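Biologist: Please take one part of this model and look at it closely, following the side chain outwards to what surrounds it. I would like the criteria spelled out as you go.

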Amino acid sequence: MNSIIELRKEHMRIEQILVRLEEFLDREKLDVEKIRKTFSELFAYIKVHEEKEDEIFEEVSEFSKEMEESLAEINAVHQIIKGHVKVLKEALVSDDVNYIRVALENDGRMFFAKLREHMHFEEKVFDSVLFMNNSKSEKKKTF
Ligand SMILES: [Fe+2]
Ligand SMILES: [Fe+2]
């Protein structure tokens, strides 16, 4: 239960970083160093976050067959997210600011949308997990 609450808090943190990145992208002149730093922060944060999720969802899948489909979907999106991160990392090392601008306007904004959609989906799964957990006897509560 604590771990699910922690994951929710981490989603809020991820959202804050996304908003910060959008603000950077909305500026006429890109502060590439700040953008690189913030993306690295986001990538590192997401990596640890997803590792925690993988662990928790694996435990969930052991006690709930009904969730199998949703968990498979989450797993698939984690792989897609890894692909986005790779593409963005490659773009961010460029020393051509215009190239970075175009990459971020396209791949970057697409990544933000994917991440938000994914977090939204996961939150619905969190609700189901918490609901299932509450239906169990006190002794058996896991998440
Ligand atoms: Fe996730
Ligand atoms: Fe998540």
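Modeller: Leu-88 counts as partly exposed because it has 19 C-beta neighbours inside 10 Å; by the criterion used here, a residue is buried if 20 or more other C-beta atoms lie within 10 Å of its own, exposed if 12 or fewer, and partly exposed in between, with C-beta atoms placed from the backbone. This is a predicted model, in which local features need pLDDT of at least 70 and side-chain atom pairs count only at pLDDT 80 or more, while totals for chains, interfaces and linings use all residues. Residues are numbered from 1 along each chain as its sequence is written, and chains are lettered from A and ligands numbered from 1 in the order in which they are written.

Leu-88 lies in helix 3, where helices (H or I, at least four residues) and strands (E, at least two) are DSSP runs numbered from the N terminus. Setting aside residues up to four places away in sequence, Leu-88 touches Phe-39, Asp-107, Gly-108 and Phe-111, a contact being a pair of residues whose C-beta atoms, placed from the backbone, lie within 7 Å. Of these partners, Phe-39 is one of the buried residues of helix 2, whereas Gly-108 and Phe-111 are among the buried residues of helix 4. Leu-88 can also be placed relative to Leu-25, which is 63 residues away in sequence and 14 Å away in space, C-alpha to C-alpha.

His-84 also has its place in helix 3, and this residue is partly exposed because 18 other C-beta atoms lie within 10 Å. Leaving aside neighbours within four places in sequence, His-84 is in contact with Asp-107, Phe-111 and Lys-114. From His-84 to Phe-112 the C-alpha distance is 9.8 Å, across 28 residues of sequence.

Phe-112 leads on to helix 1, since Leu-18, placed in that helix, is in contact with Phe-112 and Leu-115 once neighbours within four places in sequence are left aside. Leu-18 is partly exposed because it has 18 C-beta neighbours inside 10 Å, and it stands 14 Å from Val-85, C-alpha to C-alpha, at a sequence separation of 67 residues. The buried residues of helix 1 are Ile-4, Leu-7 and Leu-21, and they pack against helix 2 and helix 4.

Helix 4, which holds several of the partners named above, runs over residues 97-135. Its 39 residues should span 57 Å at 1.5 Å a residue, so the 54 Å between its end C-alpha atoms agrees; the expected span is 1.5 Å times one less than the number of residues. At Leu-104 helix 4 bends by about 40°, the bend being the angle between axes fitted to the seven residues ending there and the seven starting there. Leu-104 is itself buried, as are Ile-100, Leu-115, Met-119 and Glu-122, among others in helix 4, and what covers the buried residues of this helix includes helix 1 (2-26), helix 2 (32-63) and helix 3 (68-92). The buried residues of helix 2, for their part, pack against helix 1, helix 3 and helix 4.

The largest nonpolar core has 6 residues, namely Ile-4, Leu-7, Phe-57, Val-60, Phe-126 and Val-129, where such a core is a set of buried Ala, Val, Leu, Ile, Met, Phe, Trp, Tyr and Cys residues joined through C-beta atoms within 7 Å. Helix 1, helix 2 and helix 4 each supply at least two residues of this core.

For the setting of these details, the chain comes to 4 helices and 0 strands, and its C-alpha atoms fill a box of roughly 60 × 20 × 20 Å along the principal axes. Buried residues make up 13% of its 143 residues, and of the contacts between residues at least 6 apart in sequence, 67% join residues at least 24 apart.

Terms used: Two residues are in contact if their C-beta atoms, placed from the backbone, lie within 7 Å.
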